[in-house]
Amino acid sequence: MTSRIPRYTLDGVTDADVSAHPFATDDGLGLDLTRFRRADCDDVVLLVHGLTSSSDLFIMPEHRNLVSYLLDNGFTDVWAVDFRMSNRFPYDTETHRYTLDDIADYDHPAALRELRRHIGDRRVHVVAHCLGSLSFMMSLFGGRLPDIASVTCNSIALTPRVPAWSGVKLRYGPPLLDYLFGISSLDPRFTDSPRLSREWLLARLVSLAHRECSVRACHMLSFMWGSGRPAMYEHANLLPVTHDRMADLCSACGTYYYRHVSKMVRAGHAVKDNPRDPRHSDLPDDYLAHAAGVTTPILLLTGDRNHVFADSNIVCQQVLSEITPRRPELEIIPGYGHLDTIVGRDAHTDVFPRIAQFLKQQAA
């Protein structure tokens with residue numbers, strides 16, 4: 001029997017005190033912060049995952065992960081949040097109607113309140129990925145997150161752009177899956193479903209279009225996110241063990257979030273899902289409406305082979321540069337895609353130094 005990396009392991013971070021800090025949102029969900037502390041420092045870093053994933057992205061034991069890299073480079077108090085999109089919780093595969101507005105209004109402000117309860121008024125820098133990045137920026141530009149020292153956004157920030165096929169999937173996929181096939185969530189492990197079940201048949205159908213590798217979970221992830229073979233990363237950038245366990249790192253998710261993303265893709269930037277929803281009356285209908293008042297330093301990261309959110313961050317820099325007081329920085333990583341900037345075997349040499357450089361500039 002071959003050894004297998006356990007799911008939800010903390011083995012990837014050594015020489016740090018690890019503690020869990022559960023907290024609740026105003027709409028009644030229990031979420032979690034994990035702290036990796038070697039010593040107190042003036043500049044605290046909060047890591048934010050994306051849809052289908054979790055804090056595990058940042059603490060992978062098979063290579064030098066982002067938490068360990070930051071701890072080794074002077075940021076000795078690093079936190080990672082698991083919000084309602086985390087695959088560590090059941091929320092995302094339950095029947096729900098959550099939107100990114102819920103996360104912007106409830107999850108990120110609650111996480112920062114809990115974080116501040118432990119660190120006081122020290123500077124907080126955020127490094128966020130995928131829809132964690134989009135929703136965090138919605139919260140920041142919606143006026144819900146004061147006193148953020150800097151934000152690093154991987155792959156997307158406030159101007160979603162997707163390949164043409166992804167736009168078709170986003171617009172028509174959720175209603176077709178919901179009402180025609182009776183599938184309200186997608187799982188890269190559908191290939192392990194009972195033979196001839198709807199889930200099994202969908203996974204087999206998807207694999208017919210993906211001959212680039214033998215890992216069917218990888219095929220399903222390309223169906224769930226982006227347009228490419230594969231879509232979420234470059235195979236050459238992953239260790240084999242990482243590729244084999246992608247269904248652990250990026251697992252099942254509900255399709256309702258896709259509806260909100262689709263609205264923003266069509267609008268060209270982040271907008272509220274339902275302007276008539278009284279629960280989010282404190283958020284702007286257009287998240288760029290008050291951008292001129294946002295002075296937070298921002299680093300926009302993207303791979304030049306991003307087949308999930310394409311040139312979203314390139315466009316975002318152009319848009320924000322015209323309306324915000326501080327021009328965001330942009331870093332395009334050659335040879336990388338959407339997720340491998342975080343989980344790639346050489347991300348610690350190709351990507352993480354740029355993040356650390358930006359953080360140190362803002363900490364000076």
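Visitor: Where is Pro 230 found?

Guide: In this predicted model, Pro 230 is found in the loop between helix 6 and helix 7, the latter spanning 240–244.

Visitor: What makes the peptide bond from Arg 229 to Pro 230 worth a look?

Guide: That bond is cis, with omega near -5 degrees. In general, most peptide bonds are trans.

Visitor: How do you know whether Cys 130 is buried or exposed?

Guide: Buried means under 20% relative accessible area. Cys 130 has a relative accessible area of 2%, so Cys 130 is buried. Its place is in helix 3, residues 130–141.

Visitor: What is the phi of Cys 130?

Guide: Cys 130 is not a glycine, yet its phi is positive, about 55 degrees. Most residues other than glycine have a negative phi.

Visitor: Which value does phi take at Asp 147?

Guide: Asp 147 is also a residue other than glycine, and its phi is positive, near 65 degrees. You can find Asp 147 in the loop between helix 3 and strand 6 (150–154).

Visitor: Why does Asp 147 count as buried or exposed?

Guide: The word exposed calls for over 50% relative accessible area. Asp 147 has 61% relative accessibility, and therefore counts as exposed.

Visitor: And Met 85, how do you know if that residue is buried or exposed?

Guide: Met 85 has 1% relative accessibility. The limit for buried is under 20%, so Met 85 counts as buried. Met 85 lies in the loop between strand 4 (77–82) and helix 2 (100–119).

Visitor: Why is Arg 211 called buried or exposed?

Guide: Arg 211 reaches 68% relative accessibility. Exposed means over 50%, so Arg 211 counts as exposed. Look for Arg 211 in the loop between helix 5 (198–208) and helix 6 (216–224).

Visitor: Which residues gather with Arg 211 in a patch on the surface?

Guide: Arg 195, Arg 204 and Arg 216 join Arg 211 there, and the patch is one of positive charge. Arg counts as positive.

Visitor: Let's step back to the whole chain. How do you know whether its radius of gyration agrees with that of a compact globule?

Guide: For 364 residues, a compact globule would have a radius of gyration near 21 Å. The chain has 19 Å, which agrees. Its C-alpha atoms fill a box of roughly 55 × 50 × 40 Å along the principal axes.

Visitor: What share of the residues count as buried, and how many helices and strands are there?

Guide: Of the 364 residues, 62% count as buried, and the chain has 13 helices and 10 strands.

Definitions and conventions
Residues numbered from 1 in each chain as written. Predicted model: local features only at pLDDT ≥ 70, side-chain atom pairs only at ≥ 80, totals over all residues. Heavy atoms only, no water. Patch = residues over 30% accessible without salt bridge, like charges linked within 9 Å, V, L, I, M, F, W, Y side chains within 5 Å. Areas by Shrake-Rupley, 256 points an atom, 1.4 Å probe, with all protein chains shown as cover. Salt bridge = Lys/Arg side-chain N within 4 Å of Asp/Glu carboxyl O. Charge placed at Lys NZ, Arg CZ, Asp CG, Glu CD. Helix = DSSP H or I, 4+ residues; strand = E, 2+ residues; numbered from the N terminus. Buried < 20%, exposed > 50% of the residue type's maximum accessible area, 1.4 Å probe, protein only. Rg over C-alpha atoms; globule rule 2.2 N^0.38 Å.
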